[in-house]
Amino acid sequence: METMGKVAMAIVALVIMRWGWKLLNWVWLKPKRLEKWLRDEGYNSNSCRLLIGDMIELATMMKEGKSKPIPVTHDISIGRVAMHVTMWMETMGKVAMAIVALVIMRWGWKLLNWVWLKPKRLEKWLRDEGYNSNSCRLLIGDMIELATMMKEGKSKPIPVTHDITSYALPFDHHMVSKYGDKSFIWFGPKPRMYIMDPELIKEILLRSDEFKKPYPEPFRDSLIGGLFVTEGHKWIKHRKIITPAFNLQNIKIMFSAISSSCSNMIHKWELLTAGVGSSEIDVWPYIINLAGDVISQTAFGSSYEEGQKIF
């Protein structure tokens, strides 16, 4: 969960950076590139000014030009043409300013909707459906509280017990204890629901076309692969292949071997902590051996240690 919290914060930061880059590119970088290209082609003009360009200067000169009387001269056609051009340019200047204002308002509205309005609508809908949680907080959600509780949880020794949720997932345990089974948390501006009803979980898994996996990432998906990231027909095909292996009757047969492997690992931990009260154990090597032992016992009928001696 600590890693997921960091990932969520990184995603929020990346989205903000992406929006900021788009805005910077639109108001400054792209105009400067166009200005350089035009000058290279032999065209000249004033230097580009942020957002407004020549609009203020154009509007000022148009206003001054309209205030001057046109003399009676043979060159009156030019004056008339100039007046029409002036009016057209003034109108176009107002249109351009209006477009700039609308674009800025649109981007601002999208940003406001993403960081606040949409999360508040989702929060209201979830509460109407009977789910409870902390109130939505701008951008950060529950990330700070989650990271704090994870840090505190890691500093406490874990007793040899089946009840490890409050140590391994302290924030999730806290939220479920506080708000019940129908609760949710905020990963930045996005809510994540706890689904604890077995029938509801079964329904979600069976309706794979409606419940999609979030945030597809080609690079991540190419590294992980399998059912965790596949969708559609590919997911259905893989699911059919592995379903027989995870049939309930087959799992019941494997249960005694899995339980035996887990008991052996816990017994080793108890021997390490006997007479000490509490001590720090690097569980990673034991978890690796547990995975190997479970596979060896269920697939080949021998322990992982015996297999290591043979091979």
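Me: Two strands count as paired if DSSP finds at least two bridges between them. What joins β1 to strand β2 here?

Reply: Four bridges, with β1 (residues 184-187) and β2 (residues 190-193) running antiparallel, so the cut-off of at least two is met. Trp 186 stands opposite Pro 191 in β2. Two residues lie between the strands of this hairpin, where Gly 188 has a positive phi near 65°. This is a predicted model, so local features need pLDDT of at least 70 and side-chain atom pairs 80 or more, while totals for chains, interfaces and linings use all residues. Numbering starts from 1 along each chain as its sequence is written, and side-chain values use heavy atoms, without hydrogens or water.

Me: How do you know that both faces of β1 are covered?

Reply: Phe 184 and Trp 186 on one side, and Ile 185 and Phe 187 on the other, are all buried, meaning under 20% relative accessible area (1.4 Å probe, protein chains only). Side chains in a regular strand alternate between the two sheet faces.

Me: What makes the nonpolar surface patch?

Reply: Leu 23, Trp 26, Leu 50, Leu 51, Ile 52, Ile 56, Met 97 and Ile 104 make about 660 Å² of it. They qualify because a patch takes residues with over 30% relative accessible area and no salt bridge, with nonpolar side chains joined within 5 Å. Elements giving two or more residues are α1 (2-40) and α3 (76-128). Ile 56 sits in helix α2 (residues 55-67), a DSSP run of H or I with at least four residues.

Conventions: Patch = residues over 30% accessible without salt bridge, like charges linked within 9 Å, V, L, I, M, F, W, Y side chains within 5 Å. Areas by Shrake-Rupley, 256 points an atom, 1.4 Å probe, with all protein chains shown as cover. Salt bridge = Lys/Arg side-chain N within 4 Å of Asp/Glu carboxyl O. Buried < 20%, exposed > 50% of the residue type's maximum accessible area, 1.4 Å probe, protein only.
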